[in-house]
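Reader: I am new to this structure and would like to learn how its surface patches and hollow spaces are read. Could we go through them one by one?

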Amino acid sequence: MENWQAIFSVITFISVIILVMTEWVHLTIAAFLGALLLVFANVMTLQDAMGYIGRSHGTLGLFFGVMVLVRAFEPTKIFDYLATQMVLLAKGEGKRLLLGIVAITTPICAVLPNATTVMLLAPLIPPIAQEVGVNFVPLLILMVFVANSAGLLTIVGDPATFIVGDAINISFTDYLWRLSFGGAIAIAVVIFTLPFLFRKIWHTRLENLDHLPHPEINHPRVLSVGAVIVAFVLIFFVIGESLPVPISPAAVALLGAALALLLSHHSRIDTVHNILRDIDWSTLIFFMSIFVLIGGLEKTGVINGLSGVLAVILGKNIVLGSLVVLFFVGILSSVVPNIPLVVAMVPLLKQYVVNVGFAPAEVLAADFQGQFPPEVLPLFYAMMFGATLGGNGTLVGASSNIVAAGISEQHGKRISFKTFLHYGIPVMILQLMAATLYVFVRFLL
């Protein structure tokens with residue numbers, strides 16, 4: 001491939017990342033234009049671009065399916081009800097409210113993408129915080145920390161985790177056995193920081209709870225059927241890939257979405273048109289565009305060249321490599337959105353393990369379904385922890401951070417970069433240190 005095409009791909013990718021970080025242009029527009037620039041500059045054909053999108057069909061299918069599934073049950077007000085119950089259970093005590101946010105966000109984000117969960121729960125925080133008499137900005141930031149951390153509990157909880165897990169063909173159950181405890185440690189770190197970082201709220205106490213809102217659940221019969229659909233999806237997330245005919249998490253999510261659409265249409269709680277209209281198409285287009293941009297780096301040989309540099313620096317030292325990857329990706333993920341970062345890093349690490357002779361060249365194939373050599377897996381595990389936990393560092397580190405900032409602004413308060421940094425840096429550093437210890441003890445000793 002010509003050198004100018006490689007240079008053009010790098011400049012385009014870096015320019016998109018800068019635009020996303022600085023918010024000069026909406027992130028979807030930046031990524032979409034960048035992807036189209038590669039096509040119009042003849043770095044790749046439109047057919048090539050669609051091929052790179054198709055290679056990431058699992059990620060896109062999972063996102064779309066979960067978005068539809070969650071949006072279909074919005075009219076039941078189940079999330080409003082749960083959030084209010086959280087405040088009532090807190091009995092007006094700030095420390096119980098903080099722990100309640102952890103308690104309600106953690107299980108949801110373990111099975112739903114964290115940005116989707118924040119979209120649902122974050123709008124409930126400002127009015128509830130107003131009733132309790134506390135500032136809602138720290139509560140939103142806490143929800144983001146928990147959402148990002150809880151995404152490590154399962155392979156489907158965080159987009160970055162799913163992308164890496166899908167790349168190395170790790171099953172849902174294997175992930176639970178090997179990595180979920182690391183996610184639990186990350187949440188424990190957040191809980192440990194509550195009395196210090198959220199000191200004012202921790203010591204708040206509300207005496208009268210009678211004036212709090214008491215939302216009712218709508219369409220309880222529909223919700224009961226919906227609970228069966230959700231249970232079906234969760235069960236097959238766990239067992240689907242171990243069946244005689246394997247079913248991927250993306251296929252399960254899409255089937256759950258189809259059943260939810262059928263239920264909404266049949267019960268008339270909402271229309272298919274309304275549900276599909278409210279899907280976050282902007283995020284889906286952003287992901288597709290990023291996959292094309294990464295494809296440009298791969299096609300022009302940039303990724304292969306970077307993997308060669310990595311091989312020279314690290315050699316065959318997997319222990320050193322894993323620790324370097326965890327901290328390097330973690331720090332980088334605090335200023336670069338973690339999803340495009342892992343999309344770029346996955347092929348780089350794959351090429352590295354091939355270059356140093358740890359894995360055969362077959363692992364580079366897009367349709368490779370085999371198992372990676374066990375000795376190289378800590379590199380990819382380290383990347384999962386670094387990318388996900390590094391997203392807690394700054395306002396632009398993860399998509400859920402941006403979602404929470406937008407909701408905060410809609411309710412009259414802006415989460416500045418500096419404000420988020422005040423909470424994010426201590427949490428990120430502590431979590432990266434804890435994750436490093438876990439990866440080292442669990443996989444490298």
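Author: What follows takes up a surface patch, then a cavity, then a pocket, and the model in question is a predicted one.

Reader: Which residues form the nonpolar patch on the surface, and which elements give two or more residues to the patch?

Author: Ile 29, Phe 32, Leu 33, Leu 36, Phe 40, Trp 281 and Ile 285 form this nonpolar patch, and together they have about 700 Å² of accessible area. Helix H2 (27-40) and helix H16 (281-299) are the elements that give two or more residues to it, and H2 supplies the largest share, with five residues.

Reader: Is Phe 32 buried, partly exposed or exposed?

Author: Partly exposed is the range between 20% and 50% relative accessible area. Phe 32, which has its place in helix H2, counts as partly exposed because its relative accessibility is 42%.

Reader: How many cavities of 30 Å³ or more are there, and what lines the largest cavity?

Author: A cavity is a space where the probe fits but cannot get out. The count comes to one cavity of 30 Å³ or more, and the largest cavity has a volume of about 40 Å³. Among the residues that line it are Ile 168, Asn 169, Arg 178 and Tyr 381, and the lining divides into five nonpolar residues, two polar and one charged.

Reader: What lines the second largest pocket, and which helix gives the most to that lining?

Author: The second largest pocket holds about 860 Å³ of space and is lined by 39 residues, with His 26, Leu 27, Ser 399, Ile 402 and Val 403 nearest its centre. H21 gives the most to this lining, eight residues, and the lining as a whole divides into 25 nonpolar, 10 polar and four charged residues.

Terms used: Residues numbered from 1 in each chain as written. Predicted model: local features only at pLDDT ≥ 70, side-chain atom pairs only at ≥ 80, totals over all residues. Heavy atoms only, no water. Patch = residues over 30% accessible without salt bridge, like charges linked within 9 Å, V, L, I, M, F, W, Y side chains within 5 Å. Areas by Shrake-Rupley, 256 points an atom, 1.4 Å probe, with all protein chains shown as cover. Salt bridge = Lys/Arg side-chain N within 4 Å of Asp/Glu carboxyl O. Helix = DSSP H or I, 4+ residues; strand = E, 2+ residues; numbered from the N terminus. Buried < 20%, exposed > 50% of the residue type's maximum accessible area, 1.4 Å probe, protein only. 1 Å grid on protein atoms, 1.4 Å probe; cavity = no way out; pocket = protein on both sides within 12 Å on 5 of 7 lines; lining within 4 Å. Points joined across faces, edges and corners; volume = space filled by probe spheres on them. Nonpolar A, V, L, I, M, F, W, Y, C, P; charged D, E, K, R; others polar.
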